[in-house]
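Open the model in your viewer and keep the sequence panel visible. The stops below say what to select and what is there.

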Amino acid sequence: GVDSIFLMGHSMGTLLVMEAIRQLDLSGQTQVIEKISPLVLASPDIDVDVFRSQLQSLSKRPTPIVVFVSRQDGALSLSRQLRGGRARVGIGSNISILQEAGIVVIDLSDVEVGNGTTHGAFASSPTLIRALRQLNVARNTHISADHDRSDPFAPLKALRDLTAGIVHLPKKTADVEPVHTSQNC
């Protein structure tokens, strides 16, 4: 009886999340997939080609899909080496491919995380955590104000405003004029 599900996976857990969604789709449970809003994949340790295949196999997709990437992610660099050089989605070398697939990409390559690893940067930046909370607030406000989901990217525009400079919107929304802020993650 819920209206929406905020679903998030991290690292190798993103493969499990994507496979669960694929299985829901294959079993005809698309009503569950339609309620996933947003789907957040943080530092996805998924082969780029496997991810593309997973997306293409879905008759229904969660909306929006948000992917956190970082070119500085040491864990994903190691994963790439261990898997014969196969590119990982979360390493950020494929942002344009993700955008063309309608995915919002948040690039954390330049986010300082102190002494930690960038593999968990999405969870260690106070500004980014506030932005994710704002996404949920914006989504709920949007739905309750209009009772209309005609602009599924409205909450992402709010997220973009909070994290200007690191968000890459899908190609079909790229014509929205960016808002620049002085906040640092």
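Colour the chain by secondary structure: there are eight helices and five strands. Followed along the sequence, they come in the order β-α-α-β-α-β-α-α-β-α-α-α-β. Keep in mind that this is a predicted model.

Next, colour by burial. The chain has 185 residues, and 43% of them are buried. If you turn on contacts and keep those with a separation of 6 or more, 70% are between residues 24 or more positions apart.

**The largest nonpolar core**

Select Leu39, Leu41, Phe51, Val67, Leu98 and Ile103. The largest nonpolar core has 21 residues, and these six touch the most other members. Now show the elements that each give at least two residues to this core: α1 (13-26), β2 (36-42), α3 (48-57), β3 (65-69) and α5 (95-100). Of the core residues, four belong to α1, which is the largest share.

Stay in this core and centre on Leu41. Which residues does leucine 41 touch, leaving aside those up to four places away in sequence? Select Gly9, Thr14, Val17, Met18, Phe51, Ile65, Val66, Val67 and Phe68 to see them.

Then select Val40, Ala42, Val66 and Val104. These belong to a second core, separate from the first and made of seven residues.

**Two helices side by side**

Hide everything but α1 and α3. Their axes come within 10 Å and cross at roughly 25°. Angles under 35 degrees count as roughly parallel, so α1 is roughly parallel to α3. The crossing of α1 past α3 is left-handed.

Show side chains to see where the two helices meet:

- On α1, the contact is made by Leu15, Met18, Glu19, Arg22 and Asp25.
- On α3, the residues in the contact are Val50, Phe51, Gln54, Leu55 and Ser57.

Phe51 appears here again: it is one of the core residues that touch the most other members, and it is also among the residues that leucine 41 touches.

**A serine in a loop**

For the last stop, go to the loop between β3 and α4 (74-82) and select serine 70, which is found there. Is serine 70 buried or exposed? Its relative accessibility is 2%. Buried means under 20%, so serine 70 counts as buried.

Add glutamine 72 to the selection. A polar atom of the serine 70 side chain lies 3.1 Å from the backbone nitrogen of glutamine 72.

Conventions:
Residues are numbered from 1 along each chain as its sequence is written. This is a predicted model: local features need pLDDT of at least 70, side-chain atom pairs count only at pLDDT 80 or more; totals for chains, interfaces and linings use all residues. Side-chain values use heavy atoms; hydrogens and water are left out. A nonpolar core is a set of buried Ala, Val, Leu, Ile, Met, Phe, Trp, Tyr and Cys residues joined through side-chain atoms within 4.5 Å. Buried means under 20% relative accessible area, exposed over 50%, partly exposed in between (1.4 Å probe, protein chains only). Contact means heavy atoms within 4.5 Å. A polar contact is a pair of N or O atoms within 3.5 Å; within protein, one must be able to donate a hydrogen and the other to accept it, and residues adjacent in sequence count only if both atoms are side-chain atoms. Axes are lines fitted to C-alpha atoms, for helices over the stretch in contact, and angles run from 0 to 180 degrees between N-to-C directions. Angles under 35 degrees count as roughly parallel, over 145 as roughly antiparallel, 65 to 115 as roughly perpendicular and the rest as oblique. A crossing is left-handed if the near helix is turned anticlockwise from the far one by less than a right angle, and right-handed if clockwise.
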